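Trainee: I would like to practise moving from a value to a conclusion. Could you take me through this structure and show me how each term is justified?

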Amino acid sequence: MRTRLATANLLDISDKLDAGVRLSLEDGVRLFDCPDLLAVGALANREREKRHGARTFYNFNIRLEATNVCVASCLFCAFARLKPGDPGAYTMSLEEVWDKLRRRANQPLTEIHVVNGLHPDLPFDYYTEMLRGFKRIRPSIHLKCFTAVEIAFLADLFTMTDEQVLRELMAAGLDSLPGGGAEIFAERVRKKIAHDKCGSDRYLDIHRIAHGLGMRTNVTMLYGHIETAEERVDHMLRARAVQDETGGFQAFIPLAFHPDNNQMRKLPPPSAAETLRVHAVSRLMCDNVAHVKAFWIATGVEVAQTALWFGADDLDGTVQEEKIYHMAGASTPESMTTREIERLIRRAGREPVERDTFYNVVEHAHAVS
Ligand code: SF4
């Protein structure tokens, strides 16, 4: 192995990792530039196994997008429809939203993940009532809802501070925030692909506030479009810096750009090799974030399985009803049963572990899986 790492010019990075010395921006860019993908993967796998051995986490969850009406115009987004009434635009009533959970009364779900477009007309209590309703239906369910971008939007719309919005939502039952909306933190890229939603500093600050209020959150990175290797590493380092302050991020989640049905459709999607490398470098750079997730909906199932040897230790979950990626051309299934997820983890040579949102092991006989 040392010979291979020496040939790949990665021996000094390997030694740093062994000594617990943090990797720098330059190290991260070298990992992206290194032609020997398997050597980079081997380093990431070593770090992954130090933390988790063969264990690979997944969650019995459901994902909901209550509205795709959105005032923003992110170039990579195939999900949003600008105005209510536009072809394809939808907004669920609260009864429709709650029905998604009611209809799964026989599923031992542990989490609901909700993200939405930035709807200009819904009242604030649409969001608080949504949360309260979920908890009425199933008090033990974990509510991981609303990206930092949504929190910023609600704060501006209702003339509140970001903290006030978070506190009101927590009082209504919010348990944690998903990591969506991070895209790429580098201002050059953000200005081009997501110019009219909250900026990187505010995104990170909302997560910082959420952590201060006792919530856990995730952080994502949209890769494979116009960003450079340096901008990817910069993104990882900005997340790492917040994690040094708060310790509140549970997982770093690379999200593959999908080019169908959006304004960036001339770009090719990221290759499997690029996806594996991004997961590997994420594991190596974000040394203080416990988990790296391969979101199988975005990567494709086979690449997600392979990513379990390139730094990833989490496959998200059963998901059910995903729309954002499927409207952008994802050909993955919209859901998997827990048995299917466990089988694909085992077939990748890893050990499946069902977790709750906080990575506590869930043990139960599944009534329906
Ligand atoms: S990515 Fe989110 S904020 Fe941007 S247009 Fe799509 S739904 Fe709206």
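Mentor: Let us begin with the strands, keeping in mind that this is a predicted model. In β8, His291 is the bridge partner of Ala251, and two bridges in total join β7 to β8, which run parallel.

Trainee: What makes β7 and β8 a pair of strands?

Mentor: Pairing requires at least two bridges, and because two bridges join β7 to β8, the requirement is met. Strand β6 (residues 216–223) also runs parallel to β7 and is joined to β7 by six bridges, with Met221 standing opposite Pro254 in β7.

Trainee: Why is strand β7 described as mostly covered?

Mentor: Strand β7 covers residues 249–256, and eight of its eight residues are buried. β7 also belongs to a right-handed β-α-β unit, together with β6 and helix α11 (residues 229–246).

Trainee: Which elements make a β-α-β unit with β3?

Mentor: Helix α6 (residues 124–137) and β4 make a right-handed β-α-β unit with β3. Strand β3 (residues 111–114) pairs with β4 in the parallel sense over four bridges, and His113 stands opposite Lys144 in β4.

Trainee: Which way do the residues of strand β4 point?

Mentor: In a regular strand the side chains alternate between the two faces of the sheet. In strand β4 (residues 142–145), His142 and Lys144 point one way while Leu143 and Cys145 point the other way, and all are buried.

Trainee: How do you know that helix α4 has the span expected of it?

Mentor: Helix α4 has 16 residues, from 37 to 52, and at 1.5 Å a residue these should span 22 Å; because its end C-alpha atoms are 22 Å apart, the two values agree. After α4 comes Gly53, which has a positive phi, near 60 degrees.

Trainee: What do the buried residues of α4 pack against?

Mentor: The buried residues, among them Leu37, Val40, Leu43 and His52, pack against several elements, including α1 (2–7), α2 (11–19), α3 (25–33) and β1 (55–59). The partners of these buried residues also include α12 (272–285) and β8 (291–292).

Trainee: Why is Thr275 called buried?

Mentor: Thr275, which lies in helix α12, has 3% relative accessibility, and because buried means under 20%, Thr275 counts as buried. Leaving aside neighbours within four places in sequence, Thr275 is in contact with Tyr223, Pro270, Thr299 and Val303.

Trainee: Why does Ala186 count as buried?

Mentor: Ala186 is found in the loop between β5 (176–177) and α9 (187–193), and its relative accessible area is 7%, which is under 20%, so Ala186 is buried. Leaving aside neighbours within four places in sequence, Ala186 is in contact with Glu231, Asp234 and Arg238. Ala186 and Glu231 are 45 residues apart in sequence, yet 6.0 Å apart in space, C-alpha to C-alpha.

Trainee: Is Thr128 buried or exposed, and how do you know?

Mentor: Thr128 lies in helix α6, and with a relative accessible area of 6%, under the 20% limit, Thr128 is therefore buried. Not counting residues up to four places away in sequence, Thr128 touches Glu168, Leu169 and Ala172.

Trainee: How do the residues of the shell around the ligand divide?

Mentor: The shell divides into eight nonpolar residues, one polar and one charged. Among the residues around the ligand are Cys70, Phe76, Gly117 and Lys197; because Gly counts as polar and Lys as charged, Gly117 is the polar residue and Lys197 the charged one.

How values were computed
Residues are numbered from 1 along each chain as its sequence is written. This is a predicted model: local features need pLDDT of at least 70, side-chain atom pairs count only at pLDDT 80 or more; totals for chains, interfaces and linings use all residues. Side-chain values use heavy atoms; hydrogens and water are left out. The expected span of a helix is 1.5 Å times one less than its number of residues. Buried means under 20% relative accessible area, exposed over 50%, partly exposed in between (1.4 Å probe, protein chains only). Contact means heavy atoms within 4.5 Å. A residue is near a molecule or strand if one of its heavy atoms lies within 4 Å of it. A crossover is right-handed if, with the strands pointing away from the viewer, the path from the first strand over the helix to the second runs clockwise.
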